Amino acid sequence: MTELIYPELRELLKVNQISSRVDHGSPHVFIRTVGSTGRRIIQSLVEDDAFWSWAVIETLRHTGVRAEELTELTHLALVSYRLPETREVVRVAAMCAWRSDGQQVAFSRSTRCFNVVSPEFRLVPTSHSRVGVASVCAAALTSSGLVAIGLFAAQPAAAADPAGYQNVRINEVTSSNNDTVELYNSGSTAVSLSGWKMSDDSFSPQSFTPSATTITAGGFVTFNSPKGLGDSDKLVIYTAGGAVVDRVEWTTDKAKPAMARCGGDGTGAWVTATTATTFGAANASNCPSSIPSASQVRINEVTSDGSDTVELYNGGTSAISIGAWKYVDNDTSHSPVSISSSSPSATSIPARGYVTFNSALGLGDNDSLFLLDSNGTTVDSVTWATDGAKPSDERCTNGTGWFQISTTATLGSANSCSGGGSGGGQTGHLLGGGGSLISSCTPEAPSGTSSTPPGTSAWPGGLDVTITDNVCAFTTSTGPEGRDVSGLAFDPANPSVLWAAKNKSWLYKLVKSNGKWVPDPSWSTTGKQIRFAGGSGQPDSEGVTVGGNGHIYVTSERDNANNTVPKDTIMEFDPAATGSTLTPVHQWDMTSQFPQLNTGSKDDANLGFEGVGYVPDSWLTANGWIDPLTHAAYNPANYPLHGSGLFFAGLEWDGTLHIYGLNSDGTFTTFGTIATGKASVMDVMFDAGTQRIVATCDNTCGETHTFMKVNASGAIVPDATYTNPAVMPINNLEGFAIAPMSTCVNGFREAVWSDDGIYGFGSGSSSYGHALYSGAFPC
């Protein structure tokens, strides 16, 4: 290489003896007579020039950097090397700007030496001046007003990576038009993007200009690629310190119009060729209603503690072949490795099943893992900060949530989600809300808060929650303060409808409008007032459910016109009835069963039927429920007037469920009482998706939902208890409903809560004056 550049050196290398030496005051200056021509040269200068020319060319050759890129003003690593002791990624070859405010920066020609050598760069000394140099040495070569660093030049200390950088995810990218990239912060704290860079599969990292220099928690930032993105390409994001943040790859035209995460911004799976772009906003509107099968495979757990094991989870309903899939870590010099080479048996992952393998690349204390399908398109990724994968970094909830540090690794099985450290982790975000209260609207602070019971599990769905009503939306003539929305129930025959019961005698039919639940204008924009049988009284309406006949059933604890006396009733209303006031088609009064509530105290009278849920006979019989009255398998035919299911009413007094058959002649059958294990019950529902009865308690029980099943003995017992998402307020959240399975999108369906006191996080917060919250529950 050097002989081609310097003919003089070619001649010089043929000389075995120094013909003459002239010392000009420096021990590094040598004069030689070249061959038989008698031409004299300064050997040290010619050799230095040849050496650094060779270094620059080798930098170009080994890194693929184009020559014209040497003219760009940048401080970028072209080749990196991972230290074997610490797994730290360091720069091995770099380019460096030399101009500052238009002036040349003087580089010393003294040699900079480092004791890290990339295996691609081994220098063979050609003179005594380099004999014995055991490290790669670099100095500046000035050429056409530019300074290029050959091989491993002295670099300033790398910038510290900002806290939470591992939570920033590439969320959407397009290789059309402006080649736009969207970042999303899945964490709970803002992250500075100062000095961050990007690269694709052909150019070295470049600075970009983001729409904001800081990305807020749950926020979006966009930028246009400074070099453009190809039809088939790779995008890598780096911190100012050079750490890989995230990476995504796509094959021809798969980022047109865009490639986006679906099933949750930042946490969802990559879906190629989405229908449109949503840069700067949530991706959901342009994601398919059902994500492709391959995108259901997720990196579910990873450990850098010894074996460097990776767990994949298939959340889909069919097995997926992964024999040709690959993975790679955050070392951009590494080529992807096939999963099958790491684990020959890992050729397929079953529906709802797991596959594990040990990384052949090794995984560092702070590292990334990127999963690629057989075409080389990114399926999933995770990044963790120092020690964030010890003992493991796990998705919570299993296969869908964001990452947190585990307490115990559970490779090959469902994640325990008992940790909570910030490996990649986050706590979610409370979105929406705001607005000014009207004069009559007066939120009320919660009371009676107790701790979460032992054995309670974290919320199993999405961590983000959205305030989903207008401020002070439920003011009425008997409740101008806007409070007291209690029971909630989706209509299983029309899941776009949500029924809500408001204390002080009101029933609402709600529908979605611009992402918010609002009164259905075709039914009533202000809700309908309800009465007891005969059109009398003011029911203290608390619970609501939809029966098998499509009618609406509402519980009442007392008559608000006489609120010291209990009146525990279940009323049946026909939603098709016209008029602004509804009277019951049937009414069943169970007050005499609860003498403990009849003390003359309005507080005791207010501890009666708080929630109610309709449970179909088909579920009770299919699961072998034992009828407490016959002590045999439940046979609906024994109760010919009861309809197609039973009603489970929740008693606020002691947290018990009371089972009734409501007969068409106005009588009822009492089937007994069920212990929920809770101090109180505020709402009750049957969820066909989980095949469980759900008993909800507000802050009285630490904001918990107990899912109940029929056990092997035919009794209905608690199965699992979950808390609310962590971002929600600890209030009198009395209503809870989960949407039917028919509404599932990308593995989730809506869950809705009601805040009886509309207090939220208090005055000045975005939640103040709002009653309804919307989250995501797994399908």
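# A tour from His 658 outward

Select His 658 first: its relative accessible area is 9%, so it counts as buried, the cut-off being under 20%. The model on screen is predicted. His 658 belongs to strand β49, which covers residues 656–662.

Show the side chains here. His 658 makes a polar contact of 2.8 Å with the side chain of Thr 656. Now display what surrounds His 658. Beyond its neighbours within four places in sequence, His 658 touches Phe 594, Phe 647, Phe 648, Ala 649, Leu 651, Gly 672 and Thr 673.

**Whole chain**

Zoom out and colour by secondary structure. The chain carries six helices and 57 strands. Of its 779 residues, 52% are buried. Switch on the surface. About 30600 Å² is exposed, and carbon and sulfur atoms supply 50% of that area. Next, think about contacts between residues at least 6 apart in sequence. Of these, 59% join residues at least 24 apart.

**Strand β12**

Select residues 180–185, strand β12. Six of the six residues are buried, so the strand is largely enclosed by the rest of the structure. Side chains in a regular strand alternate between the two faces of the sheet. Colour the two faces of β12 separately. Thr 180, Glu 182 and Tyr 184 lie on one side, with Val 181, Leu 183 and Asn 185 on the other. Both faces are covered, and all of these residues are buried.

Which strands pair with β12? Add residues 168–173. This is β11, which runs antiparallel to β12 and is joined to it by five bridges. Find Val 168: it stands opposite Asn 185 in β12. Follow the chain through the hairpin of β11 and β12, where six residues lie between the strands. Stop at Asn 177, which takes a positive phi near 55°.

Then add residues 220–224. Here is β17, paired with β12 in the antiparallel sense over five bridges. Val 181 of β12 stands opposite Phe 223 in β17.

**The open sheet**

Move to a sheet of five strands. Its order is β33-β34-β57-β56-β55. The sheet is open, and its pairing is mixed. Select 430–432 for β33 and 733–738 for β55: these are the edge strands, each pairing on one side only. From one strand to the next, the twist averages 25°.

Start at the β33 edge. β33 and β34 (residues 465–467) run parallel, joined by three bridges. Pick Leu 430 and look across to Val 465, its bridge partner in β34.

**Disulfides**

Show every cysteine sulfur. How many disulfides are there? The count is three.

Begin with Cys 441 and Cys 472. Their disulfide has an S to S distance of 2.2 Å. The angle about the S-S bond is -90°, and the link is left-handed. Cys 441 sits in the loop between β33 and β34, while Cys 472 sits in the loop between β34 and β35 (485–490), so the disulfide ties together parts that are 31 residues apart in sequence. Is this pair buried or exposed? Cys 441 is buried at 5% relative accessible area. Cys 472 is buried too, at 7%.

Jump to Cys 697 and Cys 701. Their sulfur atoms are 2.1 Å apart in a disulfide. The torsion about the S-S bond is about 65°, so this link is right-handed. Both cysteines are buried.

Finish with Cys 744 and Cys 779. They form a disulfide with sulfur atoms 1.9 Å apart. At -115° about the S-S bond, the link is left-handed. What does the pair connect? Distant parts of the chain: Cys 744 is in the loop between β55 and β56 (748–755), and Cys 779 is in the segment after β57 (772–778), 35 residues apart. Check the surface at both ends. Cys 744 is partly exposed, with 22% relative accessibility. Cys 779 is partly exposed as well, at 35%.

**Last view**

Keep the open sheet on screen with the disulfides shown. Cys 441 lies in the loop between β33 and β34. Cys 744 lies in the loop between β55 and β56. β33 and β55 are the edge strands of the sheet.

Notes:
Residues are numbered from 1 along each chain as its sequence is written. This is a predicted model: local features need pLDDT of at least 70, side-chain atom pairs count only at pLDDT 80 or more; totals for chains, interfaces and linings use all residues. Side-chain values use heavy atoms; hydrogens and water are left out. Two strands pair if DSSP finds at least two bridges between them. Helices (H or I, at least four residues) and strands (E, at least two) are DSSP runs, numbered from the N terminus. Axes are lines fitted to C-alpha atoms, for helices over the stretch in contact, and angles run from 0 to 180 degrees between N-to-C directions. A disulfide is a pair of cysteine sulfur atoms within 2.5 Å. Buried means under 20% relative accessible area, exposed over 50%, partly exposed in between (1.4 Å probe, protein chains only). A polar contact is a pair of N or O atoms within 3.5 Å; within protein, one must be able to donate a hydrogen and the other to accept it, and residues adjacent in sequence count only if both atoms are side-chain atoms. Contact means heavy atoms within 4.5 Å. Accessible areas come from the Shrake-Rupley method with a 1.4 Å probe; for residues, only the protein chains shown count as cover.
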